[in-house]
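Got your viewer open and your mouse ready? Let's take a walk through this model, one selection at a time.

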Amino acid sequence: MTTPLSALRGILPLWVLVVLATGCAGMPDMRPPAPTPTDPPTRAQVPAPEPVPEPQPRVEPTPETSRVPAPSIARQEPAREERTRTQQPPAVLALASDADERMKRGDADGAAAALERALRIAPDDARLWQRLAAVRLEQGQPEQAVNLAGRSNTLARGDQALQARNWRIIAEARRRMGDHAGANAAEERARSLAPGELG
């Protein structure tokens, strides 16, 4: 006949197993669940989108000619005069320079003589005729100044700046002769030929 103690010893292992099994069954599972294919990817798994470059505004090229102002007649005149001077014979250049020096000293007669000699060498030089017209006006010979300036205009061949200066000489000569209407008409011609030049 078995004693209660021995019976307790016989059933102890079973009871312990039952308690352990019951305790384990009641404890929650702390392991993270396995991911399923339908789970959305986390922030770390999503690749960052590449930045889209901003479109640069298109700049239309500006024609170079629009930024460059058209040269006026007054600006063209020095270059044209220098080109004409280089085409003249050395004797003409020397005589014209001598005439300029004589006019600076107030020797209008000597300047006129030098210009007349230069015109014998270069009779088709419109500038020499114009300079002689200015000298005649200085000498008090307005009628000759008008004739000489007109001869210069005939030879000017489209040089509007030179023609404008001739018309100003004609205007002053007519004014000195008392022809104010003719002087005003000559001034108007000068302004129409070279509006950018002062009288």
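Select Met-177 to begin: at 39% relative accessibility, this residue counts as partly exposed, because that label covers values between buried (under 20% relative accessible area) and exposed (over 50%), using a 1.4 Å probe and protein chains only. Met-177 sits in the loop between H8 and H9. Helices here are DSSP runs (H or I, at least four residues; strands are E, at least two), numbered from the N terminus. Now add Pro-142, which is 35 residues away from Met-177 in sequence, yet the two C-alpha atoms are 7.0 Å apart in space. Leaving out residues up to four places away in sequence, Met-177 touches Pro-142, Glu-143 and Val-146, where a contact means heavy atoms within 4.5 Å.

A quick word on what you're looking at. This is a predicted model, in which local features need pLDDT of at least 70 and side-chain atom pairs count only at pLDDT 80 or more, while totals for chains, interfaces and linings use all residues. Residues are numbered from 1 along each chain as its sequence is written, and side-chain values use heavy atoms, with hydrogens and water left out.

Next, colour the chain by pLDDT, the predictor's confidence in each residue, from 0 to 100. The chain's mean is 75, with 55% of residues reaching 70 or more. Which elements have the lowest and highest mean pLDDT? Helix H2 (residues 64-67) is lowest at 36, and H6 is highest at 97. Residues 61-83 have pLDDT below 50, and this stretch has 17 contacts in the model beyond near neighbours in sequence.

Switch to cartoon view. You'll find nine helices and zero strands. Of the chain's 199 residues, 28% count as buried.

Now zoom in on H6 (126-138). At 1.5 Å a residue, its 13 residues should span 18 Å, and the end C-alpha atoms are 19 Å apart, which agrees; the expected span is 1.5 Å times one less than the number of residues. Is H6 mostly covered or uncovered? Mostly covered: ten of its 13 residues are buried, among them Leu-128, Trp-129 and Leu-132.

Pick Asp-125 at the N-terminal end of H6. Asp-125 caps that end, with a side-chain oxygen 2.9 Å from the backbone nitrogen of Arg-127. Arg-127 itself is in H6 and is buried, with a relative accessible area of 10%. Show the Arg-127 and Asp-159 side chains too: a polar contact of 2.8 Å joins them. (A polar contact is a pair of N or O atoms within 3.5 Å; within protein, one must be able to donate a hydrogen and the other to accept it, and residues adjacent in sequence count only if both atoms are side-chain atoms.) After H6 comes Gly-140, whose phi is positive, near 85°.

Slide over to H5, whose buried residues include Leu-115, Ala-118 and Leu-119. The buried residues of H5 pack against H4 and H6.

Last stop: the largest nonpolar core, with 36 residues. Such a core is a set of buried Ala, Val, Leu, Ile, Met, Phe, Trp, Tyr and Cys residues joined through side-chain atoms within 4.5 Å. Those with the most contacts inside it include Leu-115, Trp-167 and Ile-170. Helices H4, H5, H6, H7, H8 and H9 each supply at least two residues of this core. Finish on Ile-170, which touches Val-146, Ala-149, Gly-150, Asn-153 and Ala-186, not counting residues up to four places away in sequence.
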